[in-house]
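Me: I have a structure to read and some labels I do not follow. Please go through the reasons behind them with me.

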Amino acid sequence: MSFCYINGFYKNNIDAQISVEDRGFNFSDGVYEVMGFRNGKLLNFDKHMYRLCKSLINLQISKPFSNPNSYKIIIYHLLKLNDVNDGFLYLQITRGTAKRNHLFPSNIKPNIVIFTFSKGSLDKIKRGVNVGLTKDQRWMRCDIKSISLLANVLDKQKGHERGFFEVWQIRKNLITEGTTSNAFIVNKKSHIYTHPKNNFILGGVTRDCVVEIALKNGLKVIEKAFNINDIKNCNEAFLTSTTLGIVPVTKIDNIIINKKAIGLITKTLMKKLEDFLNKQIHE
C-alpha cells in the first residue's frame with residue numbers, strides 16, 4: 001500500500017482524489033519538483049525549494065506554506081508512512097480548483113500533491129547511451145518548471161521509437177537541453193560546455209551541482225550553447241538529471257563520441273557527484 005499527501009491529508013494512492021476543475025488538470029496551470037532521497041535523507045532540498053518558489057512566483061501562484069520547513073515535515077512523515085529510505089518524490093502545486101476560465105480566479109487556494117516512487121536500476125545506462133537531436137518546439141519560458149510538458153513528451157516518445165534513450169533539443173542551431181535532462185560536452189581542451197541558465201532551459205538542480213563540483217575540482221566550465229559541429233569535435237558528452245545523476249553519452253544521432261568509451265572527465269564527475277550526494281546523508 002502506497003500513500004500520498006494531498007491538500008493536508010495522507011491518503012492511500014488509490015483513494016486520493018482531486019477536483020475535475022483543478023486548473024492543473026484543465027490548463028497545466030501548475031509547477032512541480034522531483035527530489036531524491038537516500039537513507040531517508042532528502043537530497044539538495046534547499047536547491048529544489050529555491051527553484052520551486054521561483055516557479056510559483058513566475059506563475060503568480062500562491063505558496064501553500066510560508067515556511068519551507070513545512071514541506072520537510074510533510075515529506076519525512078510521508079517517507080515514514082511508505083516505509084521507504086531510497087527513491088524519489090514528486091511534488092506538484094497547481095493554482096487550485098475553480099470554475100473553468102482562462103483568467104486567474106480570485107481568492108483561490110493552491111492544490112498540492114506529493115507522492116514517492118522507487119529508483120530503478122541504472123547499471124546499463126551508466127555504460128553510455130545514445131541521444132537523438134530534434135527541433136526545440138517548446139515555449140519561451142523553459143526556466144519555469146511547469147507541469148505543461150507536452151512538447152517534451154512528444155519528442156521523448158519520438159526519440160524512443162527511433163531507439164534513442166534521450167533527445168537533445170535544438171533552437172537556432174544550438175543545443176538547449178534534453179527532454180528530461182541537461183546536456184554537456186567536453187571539448188579537446190577538456191573544457192566543459194553546457195547551455196547557460198536562461199529562459200531557454202530549465203536550470204537543473206543536478207546540472208548546477210555538476211557545474212559547482214567541476215569548478216571546485218579545477219575543471220573549466222563554459223556556460224555557452226554548443227552546436228552540432230562542436231559535438232562532432234568533442235571528446236566526451238554526458239547528460240544530467242535528478243533521477244539519473246550523470247549519464248555518459250556515447251553516440252549523438254550518427255556521431256560516435258570517443259569511440260563509445262566513457263571519458264576521464266565524465267568518470268571523475270560521476271564519482272564526485274556521488275560523493276557530493278552521499279555527504280548530504282551524514283550532515
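Me: Why is Leu-277 called buried?
Reply: This is a predicted model, and in it Leu-277 has a relative accessibility of 10%. Buried means under 20%, so Leu-277 counts as buried.

Me: Where does Leu-277 lie, and which residues does Leu-277 touch?
Reply: Leu-277 is part of helix α7, residues 264-281. Leaving out residues up to four places away in sequence, Leu-277 touches Arg-38, Leu-43 and Asn-44.

Me: What makes Arg-138 and Glu-177 a salt bridge?
Reply: The N to O distance between their side chains is 2.6 Å. The cut-off is within 4 Å, so the pair counts as a salt bridge. Arg-138 lies in the loop between β7 (129-135) and α4 (150-161), and Glu-177 in strand β9, so the pair ties together parts 39 residues apart in sequence.

Me: How do you know whether Glu-177 is buried or exposed?
Reply: Its relative accessibility is 4%. With buried set at under 20%, Glu-177 is buried.

Me: Why is Lys-271 called exposed, and what is Asp-275 called?
Reply: Lys-271 has a relative accessible area of 54%, and exposed means over 50%, so Lys-271 is exposed. Asp-275, at 37%, counts as partly exposed, because that value falls in between the two cut-offs. The side chains of Asp-275 and Lys-271 meet in a salt bridge at 3.1 Å, N to O. Being four residues apart in helix α7, Asp-275 and Lys-271 are separated by about one helical turn.

Methods: Residues numbered from 1 in each chain as written. Predicted model: local features only at pLDDT ≥ 70, side-chain atom pairs only at ≥ 80, totals over all residues. Heavy atoms only, no water. Helix = DSSP H or I, 4+ residues; strand = E, 2+ residues; numbered from the N terminus. Buried < 20%, exposed > 50% of the residue type's maximum accessible area, 1.4 Å probe, protein only. Contact = heavy atoms within 4.5 Å.
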